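Student: Could we go through this model together, starting with the ligand and then turning to the helices?

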Amino acid sequence: MRVLGIETSCDETGVALYDSERGLLADALFSQIDLHRIYGGVVPELASRDHVKRLVPLVREVLERAGVAEGEVDGIAYTAGPGLVGALLVGGAFARALAFAWQVPALGVHHMEGHLLAPMLEDRPPEFPFVALLVSGGHTQLVRVDGIGQYQLLGESLDDAAGEAFDKTAKLMGLRYPGGPEIARLAEQGQSGRFVFPRPMTDRPGLDFSFSGLKTFTLNTWQRCVAEGDDGEQTRSDVALAFEQAVVETLTIKCRRALKATGLKRLVIAGGVSANRRLRASLEQMAGGLKGELFYARTEFCTDNGAMIAYAGCQRLMAGQQDGVGLEARARWPL
Ligand code: KG4
Ligand code: ZN
């Protein structure tokens with residue numbers, strides 16, 4: 001089965017074609033980061049309008065690069081939520097209209113299921129069951145995964161998501177949007193040990209997270225440095241490193257707990273923050289210590305993309321699922 005995937009939940013227009021026999025045939029992405037950067041974050045109305053412009057050219061590009069004609073696509077999967085409702089409606093309406101024109105089934109896919117399954121597109125995909133850490137701009141969740149659609153939530157963030165904490169902290173420190181890659185880049189020059197930040201909610205049992213206090217702690221530290229006239233590039237890097245280390249160690253402690261609690265050996269990380277090199281290294285070491293294994297997607301499939309939606313949609317369409325009569329666009333939607 002050959003499925004076209006369409007992702008428009010936030011500020012990336014992603015389109016891809018996945019073939020159940022041959023794997024990923026082509027994928028294309030347009031990132032709106034430059035459009036939103038001057039506002040310091042995503043402007044929903046601008047995001048929706050830009051998705052409208054990008055979809056047709058991206059679909060054409062993907063079909064051409066895959067060498068596949070319109071009549072050779074068997075189904076269309078689109079992100080139905082969670083995300084910005086206007087942006088979701090653009091992708092959903094477009095996908096449903098295209099499916100109607102091509103006389104193929106359409107299916108709304110959960111964005112986080114897309115992220116969760118993105119590592120399946122790699123040469124060495126994880127086998128079920130596994131523990132997944134989903135870390136994106138909107139979500140931080142630990143999930144037990146026993147198969148496609150068999151997800152058990154083990155823990156989640158009670159306030160900010162990990163990516164959101166990176167973005168907000170970066171903004172408070174005067175860095176560019178999106179903050180995750182900016183903080184990671186600065187942290188590389190940071191001096192370890194100059195600042196040590198708290199590891200929230202690690203001193204009590206459980207698998208939930210909280211990152212908003214850490215953001216405030218970082219802001220207070222940075223403002224103290226600024227007030228003392230110590231606001232040069234090195235100090236900014238030292239603060240960025242302390243923040244990144246605190247997030248990474250907190251996530252590592254909770255993942256270790258989740259592996260121990262479930263008795264599972266395989267850990268999958270997915271979502272934008274899974275692109276973070278320090279996080280990958282820390283989890284690799286932790287999983288190795290438990291004789292386990294870590295899996296993640298290539299960097300461009302950690303952040304939003306069409307390939308993960310094409311893959312997740314293909315699995316579900318092959319299982320016989322397809323949309324009902326109403327168009328689905330859900331700003332909030334539990335996995
Ligand atoms: O999965 P994603 O593309 O979109 C959502 O579904 O939210 O994740 C975007 C998030 C942003 O918060 C961004 O700052 C973060 O992922 N991110 C990173 C890195 N690359 C992206 N965070 C930390 N380190 C990175 N290298
Ligand atoms: Zn995402």
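Student: Happy to begin. How far is a nitrogen atom of ligand 1 from an N or O atom in the side chain of N276?

Tutor: Keep in mind that this is a predicted model. N276 is among the residues that come nearest to ligand 1. The pair to look at joins a nitrogen atom of ligand 1 to an N or O atom in the side chain of N276, and the distance is 3.0 Å.

Student: Which residue has a polar side-chain atom 2.7 Å from an oxygen atom of ligand 1?

Tutor: There are 19 residues around ligand 1, and the nearest are H115, G137, D167, G180 and N276. G138 uses a backbone N or O atom, 3.4 Å from an oxygen atom of the ligand. The polar side-chain atom at 2.7 Å from a ligand oxygen belongs to D167.

Student: Now the helices. Are α2 and α3 oblique or roughly parallel to each other?

Tutor: Helix α2 spans residues 44-66 and helix α3 residues 85-102, and their axes come within 9 Å. They cross at roughly 40 degrees. Angles under 35 degrees would count as roughly parallel, so α2 and α3 are oblique.

Student: How many charged residues are in the contact of α2 with α3?

Tutor: On the α2 side the contact includes H51, L55 and V59, and on the α3 side it includes G91, F94 and W102. By class, 10 are nonpolar and four polar, and the number of charged residues is zero: there are no charged ones.

Student: What is the handedness of the crossing of α8 and α9?

Tutor: The axes of α8 (residues 233-262) and α9 (residues 277-289) come within 9 Å and cross at roughly 35 degrees. The crossing is right-handed.

Note on methods. Residues numbered from 1 in each chain as written. Chains lettered and ligands numbered in written order. Predicted model: local features only at pLDDT ≥ 70, side-chain atom pairs only at ≥ 80, totals over all residues. Heavy atoms only, no water. Axes fitted to C-alpha atoms, helices over the stretch in contact; angles between N-to-C directions. Helix = DSSP H or I, 4+ residues; strand = E, 2+ residues; numbered from the N terminus. Parallel < 35°, antiparallel > 145°, perpendicular 65-115°, else oblique. Contact = heavy atoms within 4.5 Å. Nonpolar A, V, L, I, M, F, W, Y, C, P; charged D, E, K, R; others polar. Near = heavy atom within 4 Å. Polar contact = N/O pair within 3.5 Å; in protein donor to acceptor, adjacent residues only side chain to side chain. Left-handed = near helix turned anticlockwise from the far one by under 90°.
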